[in-house]
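Work through the exercises below with the sequence and the structure at hand. Each task is followed by a solution in steps.

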Amino acid sequence: MNVQLNMKIVLAGVEATHKLGVYLGKSLDAPTIILLEGDLGVGKTSLVQGIGKGLGITESIVSPTFTLINEYTEGRIPLYHLDLYRLSSSEVVQLNLETYWEGIDTTPGIVAIEWSERMPYKPHDYINLCFTHAHKGVRQVEIAVCNCALPQALLDFTQNYAHESK
Ligand SMILES: Nc1ncnc2c1ncn2[C@@H]1O[C@H](COP(=O)(O)OP(=O)(O)OP(=O)(O)O)[C@@H](O)[C@H]1O
Ligand SMILES: [Mg+2]
């Protein structure tokens with residue numbers, strides 16, 4: 001495994017979480033795998049909603065906790081939104097998630113996986129976002145980029161968002 005970057009971003013409210021997603025959705029290439037870790041209610045779905053907006057998806061993005069996978073094809077590239085919360089590691093293996101990043105039966109897009117802690121193995125290259133609760137409802141996200149380039153969107157967000165939100 002080659003972790004090329006580790007950075008932390010403070011997200012002062014849900015608007016910041018959405019906006020980080022918008023930056024990613026506007027610029028990430030296909031295929032990109034985003035692994036989303038963190039406790040219940042920490043902001044994983046909120047980030048994916050921002051990604052959808054950045055991709056140009058107008059359909060509302062809802063949590064796939066019960067459907068496991070929601071696919072959105074309306075945007076710039078497809079968005080595959082998964083939530084593994086209710087699954088065991090062996091059930092995750094049976095899902096053959098590789099099909100989403102090998103692009104054999106699916107059009108390559110952004111694959112965003114909530115509760116990726118449930119995965120017994122990881123893809124070769126991915127962006128890992130680990131959310132934690134900070135003080136007074138604020139969230140912190142720790143980002144690690146593995147075997148892929150640092151998305152410019154992350155730097156743009158950290159440089160621009162503080163000014164935009166004033
Ligand atoms: N940066 C933030 N600061 C404060 N509240 C936030 C932030 N980001 C998201 N929230 C709020 O946290 C709540 C839960 O968010 P969300 O549904 O995205 O969490 P989740 O991690 O997907 O939860 P689950 O594990 O149940 O899927 C929402 O009410 C959302 O508005
Ligand atoms: Mg969620």
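Two residues are in contact if their C-beta atoms, placed from the backbone, lie within 7 Å. This is a predicted model, in which local features need pLDDT of at least 70 and side-chain atom pairs count only at pLDDT 80 or more, while totals for chains, interfaces and linings use all residues. Residues are numbered from 1 along each chain as its sequence is written, and chains are lettered from A and ligands numbered from 1 in the order in which they are written.

**Exercise 1. The contacts of one residue**

Task: Leaving aside neighbours within four places in sequence, find which residues are in contact with Ala112.

Solution. Step 1: apply the contact rule to Ala112; the partners are Ile34, Leu36, Val48, Ile51, Leu79 and His81.
Step 2: look for Ala112 in the nonpolar core, a set of buried Ala, Val, Leu, Ile, Met, Phe, Trp, Tyr and Cys residues joined through C-beta atoms within 7 Å. A residue is buried if 20 or more other C-beta atoms lie within 10 Å of its own, exposed if 12 or fewer, and partly exposed in between, with C-beta atoms placed from the backbone.
Step 3: the largest such core has 38 residues, and those with the most contacts inside it are Ile34, Ile51, Val111, Ala112 and Leu129.
Step 4: α1 gives the most to this core, with 5 residues.

**Exercise 2. The sheet**

Task: Give the order of the strands in the open sheet.

Solution. Step 1: identify the elements; helices (H or I, at least four residues) and strands (E, at least two) are DSSP runs, numbered from the N terminus. Two strands pair if DSSP finds at least two bridges between them.
Step 2: the 7 strands have the order β1-β7-β6-β2-β5-β4-β3, with mixed pairing.
Step 3: β1 (3-11) and β3 (69-72) each pair on one side only and are the edge strands.
Step 4: inside the sheet, β2 (residues 32-37) and β5 (residues 110-114) run parallel and are joined by 5 bridges. Opposite Ala112 in β5 stands Ile34.

**Exercise 3. Two positive phi values**

Task: Where are Asn96 and Asn147 found, and how exposed is each?

Solution. Step 1: recall that most residues other than glycine have a negative phi.
Step 2: phi is near 50 degrees in Asn96 and near 55 degrees in Asn147.
Step 3: Asn96 lies in the loop between α3 (89-94) and α4 (98-102), and Asn147 in the loop between β7 (139-146) and α5 (152-164).
Step 4: Asn96 has 10 other C-beta atoms within 10 Å, so it is exposed. Asn147 counts as partly exposed because it has 13 C-beta neighbours inside 10 Å.

**Exercise 4. A cis peptide bond**

Task: Which two residues does the cis peptide bond join?

Solution. Step 1: most peptide bonds are trans.
Step 2: the cis bond is between Ala30 and Pro31, with omega about -5 degrees.
Step 3: Pro31 belongs to the loop between α1 (14-27) and β2.

**Exercise 5. A residue before α5**

Task: Which residues are in contact with Leu150, leaving aside its neighbours within four places in sequence?

Solution. Step 1: locate Leu150 in the loop between β7 and α5.
Step 2: its contacts are Gln4, Leu5 and Val145.
Step 3: the C-alpha atoms of Leu150 and Asn6 are separated by 9.8 Å, although these residues are 144 residues apart along the chain.
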